[in-house]
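Welcome! Let us get to know this structure through a few short exercises, each with a worked solution.

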Amino acid sequence: MNDAPGSPIRSGIPEHGRVPKYYAVKAELEALLDQLGEGGALPTERELAARYEVSRETLRQALRDLLIQGRVRRRGRSTVAAGPKLEQPLSLASYTEGVRRQGRVPGRTLIGLERFGADGQLADQLRVEPGAPVWHLERVLLADGERVGLESTYLAVARVPFLEDEFDPGASLYAFLTEKLGIGFGAADERIETVLATPREALLIGTPPALPMLLLHRLTRDTEGTPLERVRSLYRGDRFSFTTRLEPQA
């Protein structure tokens with residue numbers, strides 16, 4: 001069997017050739033989604049179960065898989081074909097730049113901007129004294145008005161003293177730091193893992209708690225090597241993929 005580049009080997013069919021019933025239904029649904037195109041609504045669960053001669057539970061398992069993969073999304077009481085995932089580069093570029101490059105409209109909704117005394121770990125990461133004031137900026141990430149992630153940023157107040165008064169929380173923080181304050185970005189350490197959202201995070205992003213998320217931890221330094229920000233970004237696993245370019249070592 002020849003599979004398309006990037007598809008699962010043998011299209012996910014085990015070597016013994018016996019395919020679980022839900023998986024066979026999922027394959028049928030994927031073909032239907034290709035015909036519908038982005039935004040096209042699937043028939044009701046009752047109609048689909050009758051069409052494929054399976055139970056509603058078998059059908060729902062296939063739909064759950066497609067939801068996690070990002071092939072479908074919920075729109076009101078309907079299930080519709082989703083568009084392609086957003087590809088976010090693993091680089092020192094802002095979320096705004098990454099989304100705009102794909103012809104989408106980025107946005108952010110402010111959840112909160114507060115200042116508090118840094119605990120030992122955060123103080124060590126930002127290279128400030130324990131108890132020194134730091135900003136915590138929390139925002140929901142949007143793409144074409146759809147909630148796709150949640151971002152928490154921590155910065156030393158001493159580095160950005162007027163953030164509360166001068167920064168538009170709906171705009172790019174990177175652009176503000178570079179264009180308004182003249183801060184240059186140097187290197188960053190980043191770690192990625194898969195997690196499930198907490199009930200609060202799922203509510204803010206508008207997703208089921210069981211939907212896998214991509215969690216990025218980043219510590220960014222300025223051009224002098226001084227820590228500038230610590231960022232915790234939570235992205236919907238059904239709407240995002242991450243890309244990077246690998247170069248051979250000399």
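Helices and strands here are DSSP runs, numbered from the N terminus. Please keep in mind that the model is predicted.

**Exercise 1. Find where Arg127 and Asp144 are placed, and decide whether each is buried or exposed.**

Solution.
- Step 1: Start with the place of Arg127, which is the loop between α5 (120–126) and β5.
- Step 2: Look at the backbone. Arg127 is not a glycine, yet its phi is positive, at about 60°.
- Step 3: Turn to accessibility, where a residue counts as exposed over 50%. Arg127 has a relative accessible area of 56%, so Arg127 is exposed.
- Step 4: Move on to Asp144, which is found in the loop between β5 and β6 (146–156). Asp144 has a positive phi as well, of about 55°, although it is not a glycine.
- Step 5: Values between 20% and 50% count as partly exposed. With a relative accessible area of 43%, Asp144 is therefore partly exposed.

**Exercise 2. Describe the surroundings of Glu138 in strand β5.**

Solution.
- Step 1: Locate the residue. Strand β5 covers residues 133–143, and Glu138 lies in it.
- Step 2: Check accessibility, with buried meaning under 20%. Glu138 has 8% relative accessibility, so Glu138 counts as buried.
- Step 3: List the partners. Setting aside residues up to four places away in sequence, Glu138 touches Thr109, Leu110, Ile111, Gly112, Leu150, Glu151, Ser152, Arg200 and Leu204.
- Step 4: Compare sequence and space. Glu138 and Arg115 are separated by 23 residues in sequence and by 12 Å between their C-alpha atoms.

**Exercise 3. Which residues does Leu228 in strand β9 contact, leaving aside its neighbours within four places in sequence?**

Solution.
- Step 1: Place Leu228 in strand β9, which runs over residues 227–236.
- Step 2: Read its accessibility. The value is 1%, so Leu228 counts as buried.
- Step 3: Name the contacts. Leu228 is in contact with Leu126, Tyr154, Leu155, Arg159, Leu177, Ile183, Phe185, Thr220, Arg221 and Asp222.
- Step 4: Add a longer view. Gln69 is 159 residues from Leu228 along the chain, and their C-alpha atoms are separated by 35 Å.

**Exercise 4. Work out how helices α1 and α2 meet.**

Solution.
- Step 1: Find the helices: α1 spans residues 21–36 and α2 spans residues 45–52.
- Step 2: Note the geometry. Their axes come within 11 Å and cross at roughly 115°. The crossing of α1 past α2 is right-handed.
- Step 3: Pick out the residues. From α1, Val25, Glu28, Leu29 and Leu32 meet Leu48, Arg51 and Tyr52 of α2.
- Step 4: Sort the contact by class. It has five nonpolar and two charged residues, and no polar ones.

**Exercise 5. Classify the ring pairs around Phe240.**

Solution.
- Step 1: Recall the two quantities to read. A pair of aromatic rings is described by the distance of the centres and the angle of the planes.
- Step 2: Know the cut-offs: planes under 30 degrees apart count as stacked, over 60 as edge-to-face and the rest as tilted.
- Step 3: The count comes to seven aromatic pairs. In one of these, the ring centres of Tyr235 and Phe240 are 4.7 Å apart and the planes stand at 55°, so the pair is tilted.
- Step 4: Take the next pair. Phe240 and Phe242 have 6.2 Å from centre to centre and 20° between the planes, and this pair is stacked.
- Step 5: Put them together: ring pairs link Tyr235, Phe240 and Phe242 into a cluster.
- Step 6: Check accessibility. Tyr235 is buried at a relative accessible area of 5%, and Phe240 is buried at 2%.

**Exercise 6. Which rings do Arg115 and Arg230 lie over?**

Solution.
- Step 1: Arg115 lies over the face of Trp135, 5.5 Å from the ring centre.
- Step 2: For Arg230, the charged end sits over the ring of Tyr154, at 4.6 Å from its centre.

**Exercise 7. How many helices and strands does the protein have?**

Solution.
- Step 1: Count the elements: there are eight helices and 10 strands.
- Step 2: Add the burial figure. Of the 250 residues, 39% count as buried.

Technical notes:
Residues are numbered from 1 along each chain as its sequence is written. This is a predicted model: local features need pLDDT of at least 70, side-chain atom pairs count only at pLDDT 80 or more; totals for chains, interfaces and linings use all residues. Side-chain values use heavy atoms; hydrogens and water are left out. Axes are lines fitted to C-alpha atoms, for helices over the stretch in contact, and angles run from 0 to 180 degrees between N-to-C directions. Helices (H or I, at least four residues) and strands (E, at least two) are DSSP runs, numbered from the N terminus. A crossing is left-handed if the near helix is turned anticlockwise from the far one by less than a right angle, and right-handed if clockwise. Contact means heavy atoms within 4.5 Å. Ala, Val, Leu, Ile, Met, Phe, Trp, Tyr, Cys and Pro count as nonpolar, Asp, Glu, Lys and Arg as charged, and the others, Gly among them, as polar. Rings of Phe, Tyr and Trp (its six-membered ring) pair if their centres lie within 6.5 Å; planes under 30 degrees apart count as stacked, over 60 as edge-to-face and the rest as tilted. Buried means under 20% relative accessible area, exposed over 50%, partly exposed in between (1.4 Å probe, protein chains only). A charge sits over a ring if NZ of Lys or CZ of Arg is within 6 Å of the ring centre and within 35 degrees of the ring normal.
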